[in-house]
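Here is a quick briefing for anyone meeting this structure for the first time. Have a look at the model, then read on for the main points.

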Amino acid sequence: MKRILGLSLLAVLTFASCKKNEATETSTAATATTEQKDPFADDRVVKQSDLVSEAKNHAETTLALSEPDFNFGKIKKGDVVEHVYEVTNTGKNPLIISAVKPGCGCTAPDYTKEPIMPGQKGQITLKFDSTNFDGVVYKSAEVYANVAQVPIEIRFSADIQP
């Protein structure tokens, strides 16, 4: 009888412990769901804060984009297209673009790596591979630089035809 009671007590404690962990995990999952948009968001949040810190390590300046949005129009499925966004340093300190992070792997960024002096221009190029898409798509990239509002979002769209 003692043995049965001991096993019963052990089972109850184990069950209660699992329920407590499950409740904690459920609570954590619920919090994560409200704060995150995808399973890799934790990695991006950490990386984004690091990128923001890196951008803020330099004296702040201002910039102007030739255009924050671009439309490729109709393109054929499988085409690889690119657009160059012109960036002008409108501030008094050198503009330093520390990173450009696209929203997905279908977009490859390139950008001016050296400091852009006041009044000078630099470039951000986004290359898009349409192989895995159909119809109208909207894509974006985050630009990290030494400006007040980081990141800056640049966007493009395309109508992918078969």
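There is 1 disulfide in this structure, which is a predicted model. Cys104 and Cys106 make it, and their sulfur atoms sit 2.4 Å apart. Below you'll find more on that pair, then the overall layout, the two sheets, a cavity and one contact across the sequence.

**The disulfide**

- In general terms, a disulfide is a covalent bond between the sulfur atoms of two cysteines.
- Are the two cysteines here buried or exposed, or something in between? Cys104 counts as partly exposed, because its relative accessibility is 26%, while Cys106 has a relative accessible area of 13% and is therefore buried.
- The cut-off behind those labels is simple: buried means under 20% relative accessible area, and partly exposed covers the range from there up to 50%.

**The overall layout**

- The protein chain has 2 helices and 8 strands.
- If you follow the sequence along, the pattern reads α-α-β-β-β-β-β-β-β-β.
- The protein chain has 162 residues, and 28% of them are buried.

**The antiparallel sheet**

- One open sheet has 4 strands, in the order S1-S3-S6-S5, and the pairing is antiparallel.
- Which strands stand at the edges of this sheet? They are S1 (63-65) and S5 (107-111), and each has a single partner strand, so one side of each is left without a neighbour in the sheet.
- On average, neighbouring strands of this sheet are turned by 25 degrees against each other, direction ignored.
- S1 runs antiparallel to S3 (residues 80-89), and 3 bridges join the two.
- Within that pairing, Leu63 has Asn89 of S3 as its bridge partner, and Ala64 stands opposite Thr88.
- On to the next pair: S3 and S6 (residues 121-129) are antiparallel as well, with 9 bridges between them.
- Thr88 turns up again here, with Lys121 as its bridge partner in S6. That puts Thr88 opposite Ala64 and also in a bridge with Lys121.

**The mixed sheet**

- Another open sheet is formed by 4 strands in the order S2-S8-S7-S4, this time with mixed pairing.
- S2 and S4 are its edge strands, each pairing on one side only.
- Neighbouring strands of this sheet are turned by 20 degrees against each other on average, direction ignored.
- S4 (residues 97-102) pairs with S7 in the antiparallel sense over 5 bridges. In this pair, Ile97 stands opposite Ala145 of S7.
- How many bridges link S7 and S8? There are 9, again in the antiparallel sense.
- S7 and S8 are also joined by a hairpin, through 6 residues.
- You can pick out partners along this pairing: Ser140 stands opposite Arg155 in S8, and Val143 has Ile152 of S8 as its bridge partner.

**The cavity**

- The structure holds 1 cavity of 30 Å³ or more, and the volume of the largest cavity is about 40 Å³.
- What lines the largest cavity? The residues are Leu63, Leu65, Val87, Ile97, Ile124, Val143, Ala145, Ile152 and Ile154.
- S1, S7 (135-145) and S8 (152-161) are the elements that give two or more residues to the lining.
- By type, the lining residues divide into 9 nonpolar, no polar and no charged.
- Several residues from the sheet pairings show up again in the lining, including Leu63, Ile97, Ala145, Val143 and Ile152. As a reminder, Ile97 stands opposite Ala145, and Val143 and Ile152 are bridge partners.

**Two residues from distant parts of the sequence**

- Ile75 is in strand S2 (residues 69-76).
- Buried or exposed? Ile75 counts as buried, because its relative accessibility is 8%.
- Ile75 and Asp159 are 84 residues apart in sequence, yet their C-alpha atoms are 6.1 Å apart in space.

Note on methods. Residues are numbered from 1 along each chain as its sequence is written. This is a predicted model: local features need pLDDT of at least 70, side-chain atom pairs count only at pLDDT 80 or more; totals for chains, interfaces and linings use all residues. Side-chain values use heavy atoms; hydrogens and water are left out. Two strands pair if DSSP finds at least two bridges between them. Axes are lines fitted to C-alpha atoms, for helices over the stretch in contact, and angles run from 0 to 180 degrees between N-to-C directions. On a 1 Å grid over the protein atoms alone, a cavity is a set of points where a 1.4 Å probe fits but cannot get out, and a pocket is an open set with protein on both sides within 12 Å along at least five of seven lines; lining residues have an atom within 4 Å of a point. Grid points are joined across faces, edges and corners, and a volume is the space filled by probe spheres set on the points. Ala, Val, Leu, Ile, Met, Phe, Trp, Tyr, Cys and Pro count as nonpolar, Asp, Glu, Lys and Arg as charged, and the others, Gly among them, as polar. A disulfide is a pair of cysteine sulfur atoms within 2.5 Å. Buried means under 20% relative accessible area, exposed over 50%, partly exposed in between (1.4 Å probe, protein chains only).
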